[in-house]
Amino acid sequence: MIKATINGEERHFDKQTSILEAVSLLGINIPTLCNDKRLKPCGACRLCVVEIKGQPHPAASCMTELKDGMEIETATPKLEKAREFNLKMLAQSYPVEAFEQFPEKYFHTLAKEYELDATDFQGKTIQSKTDRTHPYIEIDMSRCIHCNRCVRICEQVQGRFVWQILNRGAQSVIVPDASPQLKDSSCISCGACVDTCPTGALEDKSVIRYGTPTNWTKTVCPYCGTGCEMNVGTRNDKIVQIKPAPDAPVNHGHLCVKGRYAFEFVDAKDRATEPMIREKDVWKIVSWEEVLEFTANELKRISAKYGAQSIGVLGSARATNEENYLAQKFARVCLENNNVDCCARVCHTPSAAAIKTMLGTGAATNSFNDVEFANVIMICGANPTENHPIVGERIRQAALRKTAKLIVIDPRRTELTKYADVHLQIRAGTNVLVFNAIAAVIVEENLFDADFVRERVSEFEEYCEFIKQFAPENVAEKCGVSAEDIRKAARIYANAKPAMTVHGLGMTEHFQGTEGVMCIVNLALLTGNLGKRGAGVNPLRGQNNVQGSAQMGCDPANLTGSIALDDGRELFESVWNAPVPHEKGLNLLEMMDSASDGNFKALWSIGYDIYLTNADAHETGRALRSMELVIVQDMFLNETAREFAHVFLPAASSFEKDGTFMNGERRVQRIRRAVSPRGNSKSDWEIICALAAAMGKGEHFDFHSPEEIWNEIRAVWKASYGITYERLDDHGLQWNCFSESDAGTEVLHKDEFPLGKRAALKRIVFAPTAEIVSAEFPFLLTTGRTLFHFNAGTMTQRTNNAKLRPSDLLEINPSDAERLSFKDGEIVNLQSRYGEAKIPVHINDKVKKGELYATFHNTEIFLNQLTGAHRDRLVKTPEYKVTAVRIDKID
């Protein structure tokens with residue numbers, strides 16, 4: 001306990017802190033211009049100085065540690081006079097028009113607080129210091145007061161060095177690296193510099209265009225599965241600015257370019273906001289009453305004619321937990337089948353299946369905060385700095401600060417490979433081989449955790465005998481890496497505990513996707529890297545609520561809470577007052593197969609463009625074309641709707657409704673309505689309830705708010721019972737959370753697994769994919785996302801992110817490009833055994849010779865026309881990551 005006297009009053013503090021932090025806890029405001037809680041203090045502005053008894057000169061409170069017995073004064077006349085003088089010195093060269101035009105800027109409000117007025121501001125806007133070339137950020141360095149917060153936040157939070165200080169003293173200037181224009185620099189457009197700037201020298205163009213926000217709403221980002229909390233600024237019912245929530249436990253006051261800036265899709269010109277029915281290939285706008293009656297009658301007709309198994313529902317990773325819960329309940333109660341799935345099927349269902357099979361819970365074992373506790377981070381088939389940028393930057397910072405060693409296992413040279421202690425640049429499709437080889441080293445060299453194995457692991461002896469055959473020297477050539485590098489990775493992972501793994505779709509979208517993840521779990525079991533901070537097996541979930549959509553029961557084999565149908569039947573039937581169907585349900589891929597066979601006749605797709613995103617688009621198109629009823633519920637007429645839908649139901653965006661999302665670390669968080677639904681669009685939950693009523697099942701869907709739906713979820717899923725809307729007001733909670741006094745669970749499996757005290761090692765035999773290169777198709781293509789876009793581009797392509805990344809690109813090694821006489825940017829024809837696409841070439845050495853990489857966000861390029869029909873052999877996830885192709889010049 002620290003005792004100090006602050007402004008004549010004795011105060012007590014229970015932890016070591018700076019004077020500035022201590023007095024702020026008391027509600028005492030000390031002005032500062034160079035300080036930001038996200039940054040290391042620097043004491044440059046000299047506004048936060050305080051008087052400390054016994055010290056001859058005022059001290060910068062941000063830099064001075066509070067000590068027991070201190071007597072501190074924060075606002076004596078002398079201090080206030082010095083602050084006024086410092087502000088007037090800054091104002092002398094500051095443009096008066098900025099002071100008058102933007103009164104809300106912190107520097108301006110502080111100046112007014114010290115009674116400065118327009119006469120104190122003598123500077124002018126200098127056009128040569130302005131830069132308006134960036135799509136989102138406007139720069140006016142005549143408003144720069146050299147607090148250097150932009151420089152520091154770029155370095156300390158984002159881990160970049162975009163802003164550079166040139167010259168010294170009065171001659172110093174701050175400029176972007178590599179170019180006088182920000183758009184041509186190494187900036188990745190996270191907006192942190194704008195967020196911290198106290199003057200508007202760096203400003204969001206949206207604020208200049210639409211005005212300063214008048215209302216702020218805390219919600220959650222609609223993009224990746226990190227689940228960043230954000231404050232949405234609105235004016236006249238329009239989003240004009242988004243800022244990171246400063247106290248968010250997930251993103252710690254930071255956002256990426258998508259969360260920070262890619263919100264203009266809400267008011268995109270082609271936003272579809274009216275219910276529609278297609279008549280003779282022409283969309284007809286109708287009322288909600290008419291569209292619901294038509295849809296209900298068609299569903300009844302098809303069910304009566306072809307049977308209940310002929311209809312299915314797809315939940316949405318962009319919908320809330322509550323809405324996905326209702327989607328699966330609709331399938332089971334209204335359609336009387338288990339034909340319900342979601343986009344987890346094409347991404348991380350292998351992760352959930354693998355981890356649930358081996359450990360008992362199909363979700364991340366640890367939390368994003370464990371990045372800061374880990375001594376080793378092994379990144380498997382993931383590119384976090386582009387696909388999960390906030391988590392990626394935390395990993396990057398851990399590497400820069402040398403707090404963690406990095407192992408990267410990826411066929412492509414990603415950004416984090418620059419910081420890796422070892423990069424296993426394996427051949428795509430050899431995941432099982434390389435992870436078995438790492439396990440073989442751990443066993444051979446006795447690197448396993450003997451105590452953990454003895455207490456928590458079974459089938460160890462059998463596994464040790466099995467794994468010998470995968471010694472690195474036996475498999476390295478097939479993997480495309482050296483045996484010594486495999487051994488190096490194994491030693492780093494096993495020796496420098498705690499070690500955590502994070503993995504992405506480069507692990508799951510394979511013929512052996514589920515089994516590949518099982519191999520990662522084996523490594524964690526062997527080394528005792530489970531049940532502790534800084535460790536675990538952690539899938540980086542791709543979409544904002546893909547974890548939630550599956551967890552809510554949008555899965556043909558599982559009810560809410562990932563509870564098997566037979567295990568949960570009694571409880572769910574008692575809560576629903578309706579039977580849970582017994583017949584085996586179809587997953588998404590099985591629905592497509594059944595439709596192609598002529599047996600599946602109707603599909604309700606909620607927030608999911610399956611035609612654009614499924615692999616082997618030609619077969620998906622054939623399946624959709626054979627259906628008698630395709631219902632698309634979305635914000636836009638997506639490609640599925642344009643080509644195949646009979647009914648369109650306009651859905652509200654996440655900014656236009658309330659509810660909860662669940663991020664990749666099992667954290668349930670509140671989303672809140674910031675603007676009104678556009679046109680006649682409705683929240684997904686409202687649409688589901690209305691259609692259920694039209695089907696004659698309204699009594700099972702008599703909900704009036706998302707909170708009512710959530711409370712029913714709590715009743716059927718005991719691990720969420722302690723999570724209430726009231727408790728979520730400040731921050732999210734991680735399940736398991738069994739009671740309202742439960743703080744939630746950051747780390748699973750501390751003492752035992754849901755399966756029991758021990759978990760068994762799995763002996764995974766390598767089974768090569770049938771998708772192989774040939775003389776006709778000599779290149780191996782893998783696909784993935786880019787920083788600036790998100791999946792099918794439904795949202796980001798309707799924002800200025802399209803200017804930052806105008807097109808998908810095909811990455812090719814320089815030697816291959818030279819041999820084929822390709823120039824950078826040249827559009828080529830990319831062809832596989834399944835289809836073709838035209839795409840620009842980008843020449844770099846991120847991929848090895850004979851291998852290619854492409855993104856898949858542009859509808860015009862439509863890359864999934866050439867991905868294939870091979871699937872994970874356990875859960876049917878498409879094998880997006882391995883496609884044999886050839887490249888031809890276009891005449």
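Reader: Which helix and strands each supply at least two residues of the lining of the second largest pocket?

Author: In this predicted model, α2 (77–91), β6 (130–131) and β9 (173–176) each do so. Helices (H or I, at least four residues) and strands (E, at least two) are DSSP runs numbered from the N terminus. Residues are numbered from 1 along each chain as its sequence is written, and local features need pLDDT of at least 70.

Reader: What makes a residue part of this lining?

Author: A lining residue has an atom within 4 Å of a point of the pocket, which is an open set on a 1 Å grid, where a 1.4 Å probe fits, with protein on both sides within 12 Å along at least five of seven lines. The second largest pocket has 35 lining residues, and M141, C144, I145, H146 and S172 lie nearest its centre. β9 gives the most, with four residues.

Reader: Why is α10 called roughly parallel to α27?

Author: The axes of α10 (residues 321–334) and α27 (residues 684–694) cross at roughly 15° and come within 9 Å. Axes are lines fitted to C-alpha atoms over the stretch in contact, with angles from 0 to 180 degrees between N-to-C directions. Angles under 35 degrees count as roughly parallel, and therefore α10 is roughly parallel to α27.

Reader: Which residues of α10 and α27 make the contact?

Author: E323, L326, A327, F330 and C334 of α10 meet D684, W685, I688, C689, L691 and A692 of α27, contact meaning heavy atoms within 4.5 Å. Side-chain values use heavy atoms, leaving out hydrogens and water.

Key:
This is a predicted model: local features need pLDDT of at least 70, side-chain atom pairs count only at pLDDT 80 or more; totals for chains, interfaces and linings use all residues. Angles under 35 degrees count as roughly parallel, over 145 as roughly antiparallel, 65 to 115 as roughly perpendicular and the rest as oblique.
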